[in-house]
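Colleague: Please take a close look at a single loop position in this model, and then set that position in the context of the remainder of the structure. I should be grateful for one connected account.

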Amino acid sequence: MGLFSLSDRAADAALVSALAVNDEAAATAFVRRFQGPVFGLAVSITRDRVLAEDVAQEAFLRAWRASASYDSRRGSVLTWLLTITRNLAIDAIRARRAAPVEAGELELLISTSLSGSAPDGTGGRVEALAAADRLARLPLEQARAVVLAVIGGRTGAEVAEHEGIPLGTAKTRIRNGLLRMRLAMEAERD
Amino acid sequence: MTEWHPDPDQLVALALTETDAAQQERLVAHLAGCPACRDDYAQLSDGLQQALAATPAFAPSAGFSGRVLTAMGSTAAVTPIRSRRTTVLMVACLLVGLLAGIGSVLGINAWLDRSSSVVTAQEPVAARLLTSGGDAIGSVGIARRSGRTFVLLNVTAGRSGARYDCILVGSDGSRLNGGTWTLSDEYGRGTASGAWLVPIAGAPPVAVELVTPTGTVWARGTF
């Protein structure tokens with residue numbers, strides 16, 4: 001049995017607003033609130049804890065500098081921050097020599113992402129739990145492709161290789177999975 | 001001459017940042033002038049954001065937050081921007097949502113079902129969390145989604161950094177530990193808060209207690 005912290009978009013957005021005016025307490029709360037998912041995404045993509053901490057730190061710095069331009073109508077603070085993190089992490093692994101990723105590590109990433117619970121047992125935000133729930137309701141082959149591409153930062157070719165499928169099939173699974181994720185979110189809003 | 005439009009895979013590649021600089025520039029320029037492709041891309045981008053939110057959380061090494069904060073160099077004085085009135089209104093909305101049994105706790109609204117089956121048939125579905133001194137420090141309620149039952153906890157006036165075990169008390173007197181949590185600082189207010197879900201199996205509890213590491217019952221909510 002685990003606890004899941006509720007997502008509080010209003011409070012998150014207030015935190016970012018306070019960050020924009022250099023509120024020290026807001027900065028502390030902001031980093032502590034989001035360091036788990038930010039580091040989680042960075043390490044999922046880089047597979048290197050040291051590099052992941054560098055990426056995560058840079059993501060927080062970028063977010064801090066851009067906090068005045070954050071627009072809550074375009075997405076939650078969590079996804080805004082994770083988008084920054086993902087771009088940085090992908091840049092970081094492209095700047096290094098490609099290192100092979102153990103298939104077992106990717107399988108662990110898939111199962112952890114679809115379960116909606118943190119591997120260290122600390123629980124997670126409802127926003128993450130809800131997203132994992134939507135992912136888990138996708139056809140399994142689409143969910144796997146989306147996790148590998150989005151959270152694992154794998155290219156379409158790497159997804160195809162890991163899944164043992166043609167590249168075109170991998171791309172179709174990713175695309176259909178992303179579109180279904182969006183539709184599921186819309187259906188819940190209606 | 002046929003007008004060029006990117007194929008769906010190219011839009012996926014753009015969303016996943018798999019394109020090189022030249023491809024990206026061409027695609028972005030096209031999207032700027034093509035509402036149909038822009039809409040297709042927006043759907044993929046929205047889906048990608050939803051998937052990102054499922055990222056599993058991992059704890060970084062000790063001292064990580066300190067290093068980030070040092071790098072930020074944020075030394076400005078604490079300046080709470082949320083007025084007490086706003087805070088009170090938010091808390092009031094939260095309580096109204098719980099007591100109305102619709103699980104209307106801000107972001108959870110979109111996730112929990114909104115049909116009449118959201119809440120278990122048991123009444124009442126929400127209760128105040130009271131300390132032994134009778135102070136109300138939050139609320140507790142029960143919600144259901146996809147056949148799963150959750151206890152909803154909302155603490156609005158806790159102590160910063162305090163850790164609590166969440167004990168679910170059954171009708172037979174059984175005591176089940178639902179997990180341990182630490183309250184988050186409410187910056188600028190000197191108190192801490194938190195809102196949590198505890199997935200439960202079997203019959204819903206008749207009461208919920210927040211117990212300190214020393215075994216003291218800090219607060220209790222009885223249905």
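Modeller: Helices here are DSSP runs of H or I with at least four residues, strands are runs of E with at least two, and both are numbered from the N terminus. The model is a predicted one, and its overall scores are ipTM 0.87 and pTM 0.64.

The position I have chosen is A:R47, which sits in the loop joining α2 (24–46) to α3 (49–66) of chain A. Its phi is near 55°, a positive value in a residue that is not glycine. Is A:R47 buried, exposed or partly exposed? It has 19 other C-beta atoms within 10 Å, whereas a residue counts as buried from 20 such atoms and as exposed at 12 or fewer. A:R47 is therefore partly exposed.

The surroundings of that loop are mainly a matter of helices. Chain A contains nine helices and one strand; along the sequence the strand is written before the helices, in the pattern β-α-α-α-α-α-α-α-α-α. Of its 190 residues, 55% count as buried. Taking the contacts of chain A between residues at least 6 apart in sequence, 64% connect residues at least 24 apart.

One packing within chain A may be described in detail. Two packed helices are described by the angle between their axes and by the distance between those axes. Helix α5 of chain A (residues 103–115) packs against helix α6 of chain A (residues 126–136) at an angle of about 115°, and their axes are 7 Å apart. Angles of 65 to 115 degrees count as roughly perpendicular, and α5(A) and α6(A) are therefore assigned to that class. On the side of α5(A), the contact is formed by A:S113, A:L114 and A:S115; on the side of α6(A), by A:A132, A:L135 and A:A136. By character, the residues of this contact are four nonpolar and two polar, with no charged residue.

A loop position in chain B can be set beside A:R47. B:T17 lies between α1 (8–15) and α2 (21–33) of chain B, and its phi is near 55°, a positive value in a residue other than glycine. B:T17 has 16 other C-beta atoms within 10 Å and so is partly exposed.

Chain B itself is built from five helices and nine strands, with the helices preceding the strands in the pattern α-α-α-α-α-β-β-β-β-β-β-β-β-β. Of the 223 residues in chain B, 35% count as buried. For contacts of chain B between residues at least 6 apart in sequence, 53% join residues at least 24 apart.

Confidence calls for some care in chain B. Its mean pLDDT is 72, with 67% of the residues reaching 70 or more. Helix α3 of chain B (residues 35–52) has the highest mean, 93, and helix α5 of chain B (residues 84–100) the lowest, 31. Over residues 74–124 of chain B, pLDDT stays under 50, and the model has 94 contacts beyond four places in sequence for that stretch. Where pLDDT is low, the predicted coordinates should not be read in detail.

The strands of chain B complete the picture. B:A126 belongs to strand β1 of chain B (residues 126–131) and counts as buried because it has 23 C-beta neighbours inside 10 Å. Its C-alpha atom is 9.5 Å from that of B:A143, 17 residues away in sequence.

Strand β4 of chain B (residues 163–169) pairs with two partners described here. With strand β5 of chain B (residues 175–182), β4(B) runs antiparallel over six bridges, and one of the bridges pairs B:R163 with B:T182. The hairpin of these two strands has five residues between them, and there B:G173 has a positive phi near 90°. With strand β8 of chain B (residues 207–211), β4(B) pairs in the antiparallel sense over five bridges, and B:C166 faces B:L210.

Strand β8(B) is in turn joined to strand β9 of chain B (residues 217–222) by five bridges, again antiparallel. B:L210 has B:A219 as its bridge partner in β9(B). In the hairpin of β8(B) and β9(B), with five residues between the strands, B:G215 adopts a positive phi near 95°.

Methods:
Residues numbered from 1 in each chain as written. Chains lettered and ligands numbered in written order. Predicted model: local features only at pLDDT ≥ 70, side-chain atom pairs only at ≥ 80, totals over all residues. Axes fitted to C-alpha atoms, helices over the stretch in contact; angles between N-to-C directions. Parallel < 35°, antiparallel > 145°, perpendicular 65-115°, else oblique. Contact = placed C-beta atoms within 7 Å. Nonpolar A, V, L, I, M, F, W, Y, C, P; charged D, E, K, R; others polar. pLDDT = per-residue confidence, 0-100. Pairing = 2+ DSSP bridges.
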